[in-house]
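Trainee: I should like to learn how to read the features of a structural model in an orderly way. May we work through one together?

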Amino acid sequence: MTLAEAAASAPAAAGGVHLDPFHRPQAMSAEDLPESRGLGQLVSMDAARLNGSGARALLFGRFRLVLRSRELLADGVPVAIGNRALDVLIALIEACGELVTKDELLTRVWPDTTVEENNLQFQISTLRKALGADRDFIRTVSGRGYRFVAELAVERRATRPDGGAGAWDQSPANVVQFVDSPPPGALPAARSELVGRAAQLSDVAALVAANRLVTLVGAGGIGKTRLTLELARRLAPSFEDGVRIAELGPLSDPGLVLPTIAAALELGGAAAGPERLAAALGPRRPLLVLDNCEHVIDEAAAVAEALLHANPSLQIIATSREPLRAEGEWVYRVPPLDVPPEGEEAFEEVLQHSAAQLFMARISAAQPATSPDRRVGAAVAKICRQLDGVPLALELAAASAAALGIEGLASRLDDRLSLLTEGRRTAPTRQQTLRATLDWSYELLSEPERAVMRRLAVFADDFTMEAASAVAAGEDVAAADVVRCLAGLVTKSLVASDVGGPVPYYRLLETMRAYAMERLAESGELEAVAARHAAVDFDPFQCVEAP
Ligand SMILES: Nc1ncnc2c1ncn2[C@@H]1O[C@H](COP(=O)(O)OP(=O)(O)O)[C@@H](O)[C@H]1O
Ligand SMILES: [Mg+2]
């Protein structure tokens with residue numbers, strides 16, 4: 001079996017690695033490993049505890065200590081302190097408020113040499129300088145040693161590997177809470193089953209095996225992101241340093257491309273320039289995904305090139321509406337889903353095609369009972385052809401079939417899409433088909449739903465129901481109605497939801513957001529809505545309770 005065939009045959013569910021030939025048993029993913037770089041004793045003594053609880057950073061006061069990259073940040077800005085000072089800090093933190101004697105610190109931080117006590121004092125004073133106003137977090141116990149007295153919070157990966165309580169959950173005395181971070185760069189879990197795409201997965205896997213930069217190109221909604229994430233999930237076990245996802249879609253400022261990629265690589269402090277970032281990456285070998293590059297294409301291409309130059313074993317997969325035109329890039333054009341040919345009407349035959357499978361999967365989520373007869377088969381086949389097999393268009397159409405019925409939908413789409421080809425003999429491009437589908441779905445909404453939909457465009461990223469209410473409510477829509485409208489938009493596939501965590505999160509797909517933004521600008525409300533958005537208190541840990 002070739003690498004490419006393997007990708008196609010690997011199980012669809014995330015985590016299904018047993019028969020996955022991409023899985024090299026000797027190479028664990030970085031998520032499985034004890035923190036292998038740095039962290040010294042904290043790791044060797046407490047790897048099980050920290051990793052078991054999915055801890056990724058420790059928070060105290062205005063500081064954040066990122067475990068993997070050994071970075072100390074003050075209010076999000078990296079603080080330059082040396083390795084020894086960091087070792088001292090970690091040793092103190094690990095003692096959970098207890099006294100750490102000078103001798104313990106000396107042997108721990110300088111295990112191989114005997115050093116004078118003043119070396120330790122120097123490191124302590126460096127640390128206190130770095131802590132600034134919070135210098136008292138480190139208490140001197142006269143003549144004996146030091147104690148770290150700040151209250152700690154443990155920030156952990158949103159999805160914990162074990163799904164249960166880690167040892168750190170029996171909170172050491174000074175750990176006040178656990179907070180879930182939406183981890184930058186982590187591979188999200190699949191929200192629904194991947195439909196079709198076996199051939200594409202194997203094609204792209206073959207390209208990735210042979211080339212270091214592969215870009216998946218295609219129109220909005222064609223399924224680039226979906227395909228890429230699925231492939232990344234399957235390839236993850238064969239990358240020692242795991243998969244890191246830089247989601248560039250939400251960025252409006254090209255200047256944020258580099259910091260976003262750096263954050264995805266957990267090297268937030270190295271965002272000074274692509275070369276600096278490449279140097280900080282060192283010999284690590286993650287699979288880096290640059291998702292939704294189209295609107296920041298020059299910067300994405302520049303960073304990708306620099307990283308690939310500096311790190312000869314780095315591998316990048318990008319998605320974009322157009323190629324990056326970067327050195328060494330291989331372009332893969334993502335085709336639409338497979339549509340039933342003209343004349344094919346038998347329901348079972350129609351269902352052999354992936355476009356029909358996706359459409360029916362979305363229909364049965366909304367209305368389970370559909371009679372599988374020939375008339376329905378013909379209507380489904382027609383809808384798939386009318387929508388060119390574009391997944392996003394199929395999802396939108398399926399959502400409105402609940403109200404119109406499948407046959408009703410087929411004839412309405414006919415009317416709608418024939419407008420596009422009027423006076424021309426050529427079929428509409430996929431962009432036009434999708435555009436018409438978006439217009440149509442928007443028009444089918446109630447007035448308050450439309451208002452909420454366009455206002456949600458100001459959210460570049462995930463948002464909570466609470467934030468949506470704060471931004472989308474106005475004179476015309478009461479806050480309580482926003483909740484109802486948001487639920488309606490989710491049902492109609494215009495808003496994606498993630499209800500897996502303690503707080504449900506919502507998000508607009510890129511294409512949807514661009515569309516909603518256009519509508520928002522047209523409505524003349526943009527400024528007012530943006531001001532409400534700016535006023536919302538974006539506490540990243542809002543509503544996330546300590547267990
Ligand atoms: N093969 C597939 N199986 C299931 N859903 C899919 C598939 N391809 C795309 N989708 C869905 O279609 C929508 C658009 O896909 P997406 O990957 O975001 O498109 P793009 O990145 O090209 O704009 C998403 O809701 C996605 O989950
Ligand atoms: Mg995308």
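**Reading the ligand shell, the cores and the helix contacts**

Mentor: Let us begin at the ligand. Helix H7 (224-235), helix H14 (391-404) and helix H20 (510-523) each supply at least two residues of the shell around ligand 1. Please keep in mind throughout that this is a predicted model.

Trainee: Which residues come nearest to ligand 1?

Mentor: The shell holds 21 residues, and those that come nearest are Gly223, Lys224, Thr225, Arg226 and Pro391.

Trainee: How many nonpolar, polar and charged residues does the shell around ligand 1 have?

Mentor: By class, there are seven nonpolar, nine polar and five charged residues around ligand 1.

Trainee: Let us turn to the protein as a whole. How many helices and strands does the protein have?

Mentor: There are 21 helices and 16 strands. The protein has 547 residues, of which 44% are buried. One may also ask how contacts are spread along the sequence: among those between residues at least 6 apart, 71% join residues at least 24 apart.

Trainee: Which residues have the most contacts inside the largest nonpolar core?

Mentor: Ala300, Ala304, Phe359 and Val380 have the most contacts inside this core, which has 115 residues. Its largest share, eight residues, comes from H14. A second core, separate from that one, has 30 residues, including Leu58, Leu72, Leu131 and Tyr146.

Trainee: What does Ala304 touch, leaving aside residues up to four places away in sequence?

Mentor: With those sequence neighbours left out, Ala304 touches Leu213, Leu290, Ile316, Ala318, Leu324 and Ala326. Let us follow one of these partners, Ala318, which lies in strand S13 (residues 315-320).

Trainee: Is Ala318 buried or exposed?

Mentor: The general idea is to count C-beta neighbours: a residue is buried if 20 or more other C-beta atoms lie within 10 Å of its own. Ala318 counts as buried because it has 29 C-beta neighbours inside 10 Å. Beyond residues up to four places away in sequence, Ala318 touches Thr215, Leu290, Cys293, Ala300, Ala304 and Leu324. As for backbone separation, the C-alpha atoms of Ala318 and Glu294 are 9.8 Å apart, although the two residues are 24 residues apart along the chain.

Trainee: Where is the place of Leu387, and is this residue buried or exposed?

Mentor: Leu387 sits in the loop between helix H13 (374-386) and H14. Leu387 is buried, because 29 other C-beta atoms lie within 10 Å. Not counting residues up to four places away in sequence, Leu387 touches Ala393, Leu394, Ala397, Thr433 and Thr437. One of these partners, Ala397, is 10 residues from Leu387 along the chain, and their C-alpha atoms are separated by 8.7 Å.

Trainee: How should I read a pair of helices, for instance H17 and H19?

Mentor: One reads the crossing angle of the axes; angles of 65 to 115 degrees count as roughly perpendicular. The axes of helix H17 (residues 447-455) and helix H19 (residues 479-491) come within 9 Å and cross at roughly 85°. H17 is therefore roughly perpendicular to H19. Pro448, Glu449, Val452 and Met453 in H17 meet Asp481, Val482, Cys485, Leu486, Gly488 and Leu489 in H19. By class, this contact has seven nonpolar, one polar and two charged residues.

Trainee: At what angle do helix H3 and helix H5 pack?

Mentor: Helix H3 (residues 83-94) and helix H5 (residues 117-131) pack at about 85°, with their axes 9 Å apart. These two helices are therefore roughly perpendicular to each other. On the H3 side, Arg84, Ala85, Val88 and Leu89 meet Gln123, Ile124, Thr126 and Leu127 in H5. The residues of this contact divide into five nonpolar, two polar and one charged.

Trainee: Finally, I wish to consider backbone torsions. What phi does Arg197 have, and what phi does Asn292 have?

Mentor: Arg197 is not a glycine, yet its phi is positive, at about 75°. Arg197 is found in the loop between strand S9 (175-181) and helix H6 (198-210), and counts as buried because it has 23 C-beta neighbours inside 10 Å. Asn292, which is not a glycine either, has a positive phi of about 60°. Asn292 lies in the loop between strand S12 (287-291) and helix H10 (297-310). With 24 C-beta neighbours inside 10 Å, Asn292 counts as buried.

How values were computed. Residues numbered from 1 in each chain as written. Chains lettered and ligands numbered in written order. Predicted model: local features only at pLDDT ≥ 70, side-chain atom pairs only at ≥ 80, totals over all residues. Near = placed C-beta within 6 Å. Helix = DSSP H or I, 4+ residues; strand = E, 2+ residues; numbered from the N terminus. Nonpolar A, V, L, I, M, F, W, Y, C, P; charged D, E, K, R; others polar. Core = buried A, V, L, I, M, F, W, Y, C linked by C-beta atoms within 7 Å. Buried ≥ 20, exposed ≤ 12 C-beta atoms within 10 Å, placed from the backbone. Contact = placed C-beta atoms within 7 Å. Axes fitted to C-alpha atoms, helices over the stretch in contact; angles between N-to-C directions. Parallel < 35°, antiparallel > 145°, perpendicular 65-115°, else oblique.
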